[in-house]
Amino acid sequence: TSAVRAVGRRSRRVFDIFVAEVPWTVSSKELKEYFSQFGAVQRCQLPFDKDTGFHRRYCWIKFSTPQDVQNVLQKDSHILEGAKLTLRQQSYRRRSQRKNPSE
């Protein structure tokens, strides 16, 4: 039963790594290319601000395997276009229904 629980846990974790301090000039394609050196990137989500048209300087990266995530986290610093990225490993989130009208 622990294997079944592990699979359930994995499916709930939408993204593996949260990346902050992303330079304005970096696109989601460039982020995906950069992080693919550590493993297979399944998805890169770089949210944009509708008002400014710029991205919000953070993104989420989803890798294919936990080993890919470890490869990223083992590197001391990640620098894109001269800016040091801040990485944080995501614990799985249960707040998938955040479309709360009161927010």
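Select Val19 to begin: leaving aside residues up to four places away in sequence, Val19 touches Phe35, Arg57, Tyr58, Cys59, Ile61, Leu85, Thr86 and Leu87. The coordinates on display belong to a predicted model.

**The whole chain**

Switch to a cartoon representation next. The secondary structure amounts to 3 helices and 5 strands, and the elements follow the order α-β-α-β-β-α-β-β from the N terminus. Of the 103 residues of the chain, 31% count as buried. A contact map offers a complementary view: among contacts in the chain with a separation of 6 or more, 65% are made by residues 24 or more positions apart.

**The sheet**

Select the strands together. They form an open sheet of 5 strands in the order S2-S3-S1-S5-S4, with antiparallel pairing. S2 and S4 are the edge strands, each pairing on one side only. On average, neighbouring strands of this sheet are turned by 30° against each other, direction ignored.

**Strand S1 and its partners**

Now isolate strand S1, residues 17–20. Which way do its residues point? Ile17 and Val19 point one way from S1, while Phe18 and Ala20 point the other way, and all are buried. In a regular strand the side chains alternate between the two faces of the sheet.

Add S3, which runs antiparallel to S1 and is joined to S1 by 4 bridges. Two residue pairs are convenient to label here: Phe18 stands opposite Trp60, and the bridge partner of Val19 in S3 is Cys59. Then add S5, also antiparallel to S1 and joined to S1 by 4 bridges; in S5, Thr86 is the residue opposite Ala20.

**Strands S3 and S2**

Keep S3 (residues 58–63) selected and colour by accessibility: 5 of its 6 residues are buried. Extend the selection to S2, residues 41–45, which pairs with S3 in the antiparallel sense over 4 bridges. Val41 has Phe63 in S3 as its bridge partner.

**Helix H2**

Select residues 28–35, which make up helix H2. Which residues of H2 are buried? They are Leu31, Tyr34 and Phe35. These residues lie on the same side of H2, because they cover an arc of only 90° around the axis. The buried residues of H2 pack against S1, S2, S3, H3, S4 and S5. Taken as a whole, H2 packs on the sheet and touches S1, S2, S3, S4 and S5, and its direction makes about 145° with that of S2.

**Helix H3**

Move on to H3, residues 66–74, in which Asp68, Val69 and Val72 are buried. Their directions from the axis span an arc of only 100°, so they too sit on the same side of the helix, H3. S1, H2, S3, S4 (78–80) and S5 (83–89) are among the elements that cover these buried residues. H3 lies across S1, S3, S4 and S5, and runs at about 135° to S5.

**The nonpolar core**

Hide the cartoon and show side chains. The largest nonpolar core has 18 residues, of which Val19, Val22, Leu31, Phe35, Cys59, Ile61 and Phe63 touch the most other members. S1, H2, S2, S3 and H3 each supply at least two residues of this core. In soluble globular proteins, nonpolar side chains tend to be buried together. Several residues already visited return in this selection, including Val19, Leu31 and Phe35.

**The cysteines**

Finish with Cys44 and Cys59, and draw a distance between their sulfur atoms. How many disulfides does the model contain? The count comes to 0. Cys44 is in no disulfide, and the nearest cysteine sulfur, that of Cys59, is 4.4 Å away. A disulfide requires two cysteine sulfur atoms within 2.5 Å. The 4.4 Å from the sulfur of Cys59 to its closest cysteine sulfur, in Cys44, is therefore too far for a bond.

Are these cysteines buried or exposed? Cys44 counts as buried because its relative accessibility is 16%, and Cys59 counts as buried at 0% relative accessibility. Cys59 thus closes the tour where Val19 opened it: the two are bridge partners between S1 and S3.

Technical notes:
Residues numbered from 1 in each chain as written. Predicted model: local features only at pLDDT ≥ 70, side-chain atom pairs only at ≥ 80, totals over all residues. Heavy atoms only, no water. Buried < 20%, exposed > 50% of the residue type's maximum accessible area, 1.4 Å probe, protein only. Pairing = 2+ DSSP bridges. Arc of directions from axis to C-beta. Contact = heavy atoms within 4.5 Å. Core = buried A, V, L, I, M, F, W, Y, C linked by side-chain atoms within 4.5 Å. Axes fitted to C-alpha atoms, helices over the stretch in contact; angles between N-to-C directions.
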